[in-house]
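Dear colleague,

Please find below the structure that I am handing over to you. My notes on its side-chain contacts follow directly after it.

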Amino acid sequence: MIVLTAIFFVSIGFVAMEFVAWFTHKYVMHGFLWTWHESHHRHTKGFFERNDLFFLFFAGIATVLIMLGAANLDYRFWLGIGVSLYGFSYFIFHDVVIHRRLKIFNKSKNRYLQAMVKAHRAHHSSKQREHSVSFGLFIIPKKYFQK
């Protein structure tokens, strides 16, 4: 039973983060913290950008949940694991696959990954905080799957 509970709460943590990330991206990053996020929409020199500070916020949420639930391995622990898995997945797909911050994957022929890249390019087509589209990462609107 504990395995099913763990899988359930890890899944909830992961899926919920896509919606939290979408909301945060649209209303915080393209809102009052645009000064941090703007570095991601403009070419910057160096490996890191100010936008990377958002990682600390999301990693903090995962860390607190894991610590609060670690003693009993309760739902908070498993939610924290789900948030952490989302963060790791986000790093791999956003920073490595899409932005190629690590040059370890070549251009994919996978239809889902191609749609993900198209949606993200559409998001970056605007260098301003207004007029951006596609704020999520894993839930991709249908139009980006069309050739």
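Phe138 is buried, with a relative accessible area of 17%; buried means under 20%, exposed over 50% and partly exposed in between, with a 1.4 Å probe and protein chains only. The model is a predicted one, in which local features need pLDDT of at least 70 and side-chain atom pairs count only at pLDDT 80 or more, while totals for chains, interfaces and linings use all residues. Residues are numbered from 1 along each chain as its sequence is written, and side-chain values use heavy atoms, with hydrogens and water left out.

Aromatic pairs

The structure contains 13 aromatic pairs (ring centres of Phe, Tyr and Trp, the last by its six-membered ring, within 6.5 Å; planes under 30 degrees apart are stacked, over 60 edge-to-face, the rest tilted). Phe8 and Phe9 form an edge-to-face pair, because their ring centres are 5.0 Å apart and their planes stand at 80 degrees. Phe8 is partly exposed at 47%, and Phe9 is partly exposed at 22%.

Phe93 and Phe138 are also paired edge-to-face, at 5.5 Å centre to centre and 85 degrees between the planes. This pair links distant parts of the chain, 45 residues apart: Phe93 lies in helix H4 (residues 75-98) and Phe138 in the segment after helix H5 (111-124). Helices are DSSP runs of H or I with at least four residues, numbered from the N terminus. Phe93 counts as partly exposed, at 25%. Ring pairs join both residues with Phe14, Tyr86 and Tyr90 in a cluster.

Nonpolar core

The largest nonpolar core (buried Ala, Val, Leu, Ile, Met, Phe, Trp, Tyr and Cys joined through side-chain atoms within 4.5 Å) has 20 residues, and Tyr86, Met116, Leu137 and Ile140 have the most contacts inside it. Helices H1 (2-32), H3 (54-69), H4 and H5 each supply at least two of its residues. H5 gives the largest share, five residues. Leaving aside residues up to four places away in sequence, Met116 touches Phe93, Ile98, Leu137, Phe138 and Ile140 (contact: heavy atoms within 4.5 Å).

Salt bridges

There are five salt bridges (a side-chain nitrogen of Lys or Arg within 4 Å of a carboxyl oxygen of Asp or Glu). In one of them, Arg76 and Asp74 have their closest N and O atoms 2.6 Å apart; Asp74 is buried at 18%. Arg101 and Asp95 meet at 3.3 Å, N to O, and Asp95 is buried at 11%. A network of salt bridges links these two residues with Asp52.

Yours sincerely
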